[in-house]
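Got your viewer open and your mouse ready? Let's take a walk through this model, one selection at a time.

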Amino acid sequence: MAGALNNLAIGLAEVGRRQEALAPAEEAADIYRVLAEASPDAHLDDLAGALNTLAIGLAEVGRGQDALVLAEEATDIYRVLAEASPDAYLPNVAGALSTLAIGLSEVGRRQEALAPAEEAVQLRRVLAEASPDAYLDDLAGALNNLAIRLSEVGRRHEALALAEEAADIYRVLAEASPDAYLDDLAMALNTLAVRLSGVGRRQEALALGEEAADIYRVLAEASPDAYLPNLAGALNNLAVRLAEMGRRQEALAPAEEAVQLRRVLAEASPDAYLDNLAGALNNLAIRLSEVGRGQEALAPAEEAADIYRRLAEASPDTYLPNLAGALNTLANRLSEVGRGQEALAPAEEAVQLRRVLAEASPDAYLPNLAGALNNLANRLSEVGRGQEALAPAEEAADIYRRLAKASPDAYLPNLAMALNTLANRLSETGRSQEALQHYEEIIAEWPGPPQAAAELAYHRALFLVRNGETGDGVEALCGLLTPPDPINGETIFQIRQSLREAVESDPEVRETVTRLCADQGVASEPPSWLELTDTVLQLTADWMRTKTWVESRDFLTTHPALLDDHSRTALREWSLLGEYADFHIEVLEQLVSGVPVDMVYRPLVLQEILTAWIRTSTEGEGWSASAAYLAEHAADLLAPDADAALAAMDEDNDGADRVVAVHRAIAALAVADGIDAAYNLLEDRQALHARVQTALEAADGPALAWLAFIEDGVYDAPWAAAVHWLAAQALDDTSVTGGSDSENADRGPSTPVAAVHAATQAADPAPAQILSAAARAKAPDADERNRAVAELAALMAARPTRAAALGELLQAVLAAPVQAPEE
C-alpha cells in the first residue's frame, strides 16, 4: 500500500499535478513511519525513501522549509543504514545528500548547501571508480548539482570545472548508449553553457546551448510527449545565450518557439506547464525589448504577470517569487514605452512581495528584494520623484553591500549596479559629493580581492565622467589600466570602451588619454585601442559570430575592411572578453602575408563538411541522405585531403571509431566505383560479397581494406573484416603497425578495423592474436570460416610472392573457433 502511494505521488508530480501529489506522498511516509517504528530492520530504508520523495514534492510547491526537515531526516536515516551496510546504502546516502543540497539552496542557505553536495560527489566518485557501469551516470549527476551550488555562491571557475566533467561523462555515456543518456547529455550541456557564460566564455556557451537544443529537437521528434518540454527549455536558454553574444535578432526565433511550444503544452496540461509558459513569455518580453520592439514586448510581459498572479493566488508559497519577478519585468517594459506612471504600480508591488518573502527567508530572497528596490528607484526617478527614489536606492545599495562582503564573487556586480543607481539619484538631487563618498567608503573598506576593488573604482570613475568631472574621471580610468595588481580582461575592456566614449564626446580628452595610457610608453602616440570605432568593433564581432566556417570565410571575402590594422586591434580587444579572437587574428596575419583565403580556411571548412556528412547518417536521416550530401559536396569530400582529415578524426579516437571508418571507406569506394555503387554496398550484403570477390581476384589490397571497414561497421562482421584487413596488409607488404594513414594514404588504410584495434597495438601482433580478438567480439560460423579459407587459398595461388604472409594468415583462420550451430 505505502509503495503504491509513493509511486502515485511520483507519477502525479511528473505530470505537473504537484499539489495532488502531496497527499499520497504524505500518507506513504506516515505508513512507513509506523512500520519502521515496529520493524526498523525491514522498513527504515523504505521510510527514508518516502521522506525523500515527500521532501522533493514539498519543495516543488514552495514549502522549502518543510522539505528541508524531511531531507535532513532521510539523510540521517541512510547514514545510519550505511554505517551498518555500506555496500547497500552508500548510493542512497549520496542521493539523499544531493536532495539535501538542493533543499538548502532553495531556502537561501547556499553556503551550507555546498557540504552535502561535495560529499555526494565524493561518495559517487568512490562508487564509480569501483563500478563505473553502475555509478558513472550518478557521479555525473552529482557533479552537475555541485556545479550549480558552487555557482550560486560565486565560485564560478570551480563550478565550470565540475560542469565540464559532468558533460564529458555524459558525452561518453551517450556515445555508447544514446537512447539512455542523450537527454542527460543535453541537460549537462545546458548547465555547462550557463557556467561558461558566467565566466565570460559566451561563444563556447552559445555552441553548447545550440547543441543541447539540437539534441532535444531530435529526441522530441522521436518522442514529443517526453521531450517537447525539454526542447522548449533549451530554446529559452538558447535565446539568452544568443542575446548575450549581441545576436539579439537571432535570439527572437528560439524565444518565440519556446513560447509556442509551452503554450501548446499548457493548453493540454495547465497544471504541469502553465508556469513554464509564463517563464517563456517573460523571456520573450525581454528579447523583444532588446531589439527595440517595446510595444510588442508589453503583451507577453502582461500575460506572464497575469499567469503568475493566478498561480500565486492558488499556491503563494510556490509562485509569489515568480510573480514578483514578472512584475519587475512588466514595470521595465511599461517604462520603455513612456508609460512611466503606470510602471510604478508593478514596481512597487514587486518590492512589497519581495519584502514579505525576504522577511520570511532572508537568505533566499534578500538579493531579489535589493533588485526590486533598485528597479523602483529608477522608476520613481523617471517620473520626477527623485527625492522618493533615494530611499529604495539607498536600501538596495545597503543590502548588496552586506551581501557582497559575504560573497564578493556572487554579488559585486549587483553592488556596482546599485551604487551607480544611488549615485545617479543623489546627483539628481544635487548631492554628487555624497555619491562619491559612498564609492570611496566602500572601496576603502573593501575586504575582497583587488579585482573587486578595481571594478568599484571603475564605476566611481565613470560616475565622475558622466557628471561633469571629465578630467578627474578620465585620469582615474587611465590609472586603473596600470594597477599594482592585475585586473581581468572584462574590466579592462569596459575601461577602454568608456575612454573611447569620453574621447568621442570631448575630443580634447584625447590628449589626456594619450599622455596617461600611451602604447608601450610612446607618449606622443595615442594607444591603438583608443582609435577603434564602434563600426570596426561591430564588424569584427559580426565576423567572429558567424555560425559556420563557410559563413566566416564568405563574410571575410565580402568585407575587405577586415584586413586593415584596426581590425586586428579590435580583435585583440574582443579577446579580453574571452571571445574566440586568436584564430581570427591569425587568419588576418596569414592573409596579409599573402596566403589565399581558401587555403587558410580549407582545413576548417573541410572538417565542418565532413562532420555534417557523418551526421546525416548517424542522426536518423539514413544512407540516402548521406549519399545525397556526398553527391552535393563531392568536390570537397572526395578530395585526397578529406581522407587525411577523416583519418585524423579516427586517430583522435585511437582508431576505434566505426562511424568514421565507414565514411572513409564510402569515400574511397565512391572514388573507385562511383557514389551509387559505394552506397549500394551498405544496403545489399550480396553486393558487398561480390565486391570483396572482385578485390580478391584483382589482389586489390586497398579496396579489400576499405571493404573490411564496411563489413565491421555496417554489418557487424568483425571476424570477416579482420581477415580481409589482414589480407590487405599482406598484399600491400605493409606491417600491421605500419604508421598512420596520413603516411600510407596511397596504399589504403593501415588503421585496423575497430574490433581488433587494441590487439594490433601489441609488441608483435600476429594474425592469430588479431583474429582471436575479433572472434571474442563475435565468433565466425563454419560457413564464414570456410569462405575465408577458400578466399585465402585462391589468393595465395594468385600471389605466390606473398604466400608466406598469406599462409600465416590462413593458419590463423584454420585455428579459429567457430560458433556452434543452433539446434
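Before we click on anything, one term: a residue is called buried when its relative accessible area is under 20%, exposed when that figure is over 50%, and partly exposed in between. Also keep in mind that this is a predicted model.

**Stop 1: Ser-197**

Try the term out right away by selecting Ser-197, which you'll find in helix α9, residues 178–198. Is Ser-197 buried or exposed? Its relative accessibility is 9%, so it counts as buried. Now show what surrounds it: setting aside neighbours within four places in sequence, Ser-197 is in contact with Arg-202, Ala-205, Arg-241 and Glu-244. Then draw a distance from the C-alpha of Ser-197 to the C-alpha of Leu-792, and you should get 59 Å for two residues that are 595 apart in sequence.

**Stop 2: the whole chain**

Zoom out and switch to cartoon. How many helices and strands are there in the chain? The chain has 41 helices and zero strands. The C-alpha atoms fill a box of roughly 105 × 85 × 50 Å along the principal axes. Of the 823 residues in the chain, 51% are buried. If you turn on the surface, you're looking at about 36200 Å² of accessible area, with 50% of that belonging to carbon and sulfur atoms. One more number for the whole chain: among contacts with a separation of 6 or more, 60% are between residues 24 or more positions apart.

**Stop 3: Asn-328**

Next, select residues 316–336, which make up helix α15, and pick out Asn-328 within it. Asn-328 has 11% relative accessibility, and because that is under the 20% cut-off, it counts as buried. Which residues does Asn-328 touch, not counting those up to four places away in sequence? They are Ala-350, Arg-354, Gly-371, Ala-372 and Asn-375.

**Stop 4: two helices side by side**

Now colour α21 (residues 450–466) and α23 (residues 489–505) in two shades. Their axes are 11 Å apart and the helices pack at an angle of about 10°. That angle makes α21 roughly parallel to α23. Show the side chains where they meet: from α21 come Gln-451, Glu-455, Tyr-458, Leu-462 and Val-465, and from α23 come Thr-491, Gln-494, Ile-495, Ser-498 and Ala-502. Sorted by type, the residues of this contact are five nonpolar, four polar and one charged.

**Stop 5: a couple of cysteines**

Select Cys-478, which is buried with a relative accessible area of 2%. Then jump to Cys-517, also buried, at 9%. How many disulfides are there? The count comes to zero, where a disulfide would need a pair of cysteine sulfur atoms within 2.5 Å.

**Stop 6: Ala-699 and Asp-716**

Head for the loop between α35 (685–697) and α36 (701–713), and click on Ala-699. Its phi is near 50°, a positive value in a residue that isn't glycine. Ala-699 is at 17% relative accessibility, so it counts as buried.

Go along to the loop between α36 and α37 (718–731), where Asp-716 sits. Here too you'll find a positive phi, about 50°, although Asp-716 is not a glycine. Its relative accessible area is 41%, so Asp-716 is partly exposed.

**Stop 7: Glu-711 and His-724**

Stay around here and select Glu-711 in helix α36. Glu-711 is buried, with a relative accessible area of 4%. Apart from neighbours within four places in sequence, Glu-711 is in contact with Leu-688, Val-692, Asp-716, Ala-717, Ala-720, Ala-721 and His-724. Try another distance, from Glu-711 to Ala-721: they are 10 residues apart in sequence, and their C-alpha atoms are 5.4 Å apart.

Finally, follow that list of contacts to His-724, which lies in helix α37. His-724 is buried too, at 6% relative accessible area. What is His-724 in contact with, leaving aside neighbours within four places in sequence? Show Val-692, Leu-704, Ala-708, Glu-711 and Glu-791, and you have the set. Look for Val-692 in particular: it's among the contacts of Glu-711 and also among those of His-724.

Key:
Residues numbered from 1 in each chain as written. Predicted model: local features only at pLDDT ≥ 70, side-chain atom pairs only at ≥ 80, totals over all residues. Heavy atoms only, no water. Helix = DSSP H or I, 4+ residues; strand = E, 2+ residues; numbered from the N terminus. Buried < 20%, exposed > 50% of the residue type's maximum accessible area, 1.4 Å probe, protein only. Axes fitted to C-alpha atoms, helices over the stretch in contact; angles between N-to-C directions. Parallel < 35°, antiparallel > 145°, perpendicular 65-115°, else oblique. Contact = heavy atoms within 4.5 Å. Nonpolar A, V, L, I, M, F, W, Y, C, P; charged D, E, K, R; others polar. Areas by Shrake-Rupley, 256 points an atom, 1.4 Å probe, with all protein chains shown as cover.
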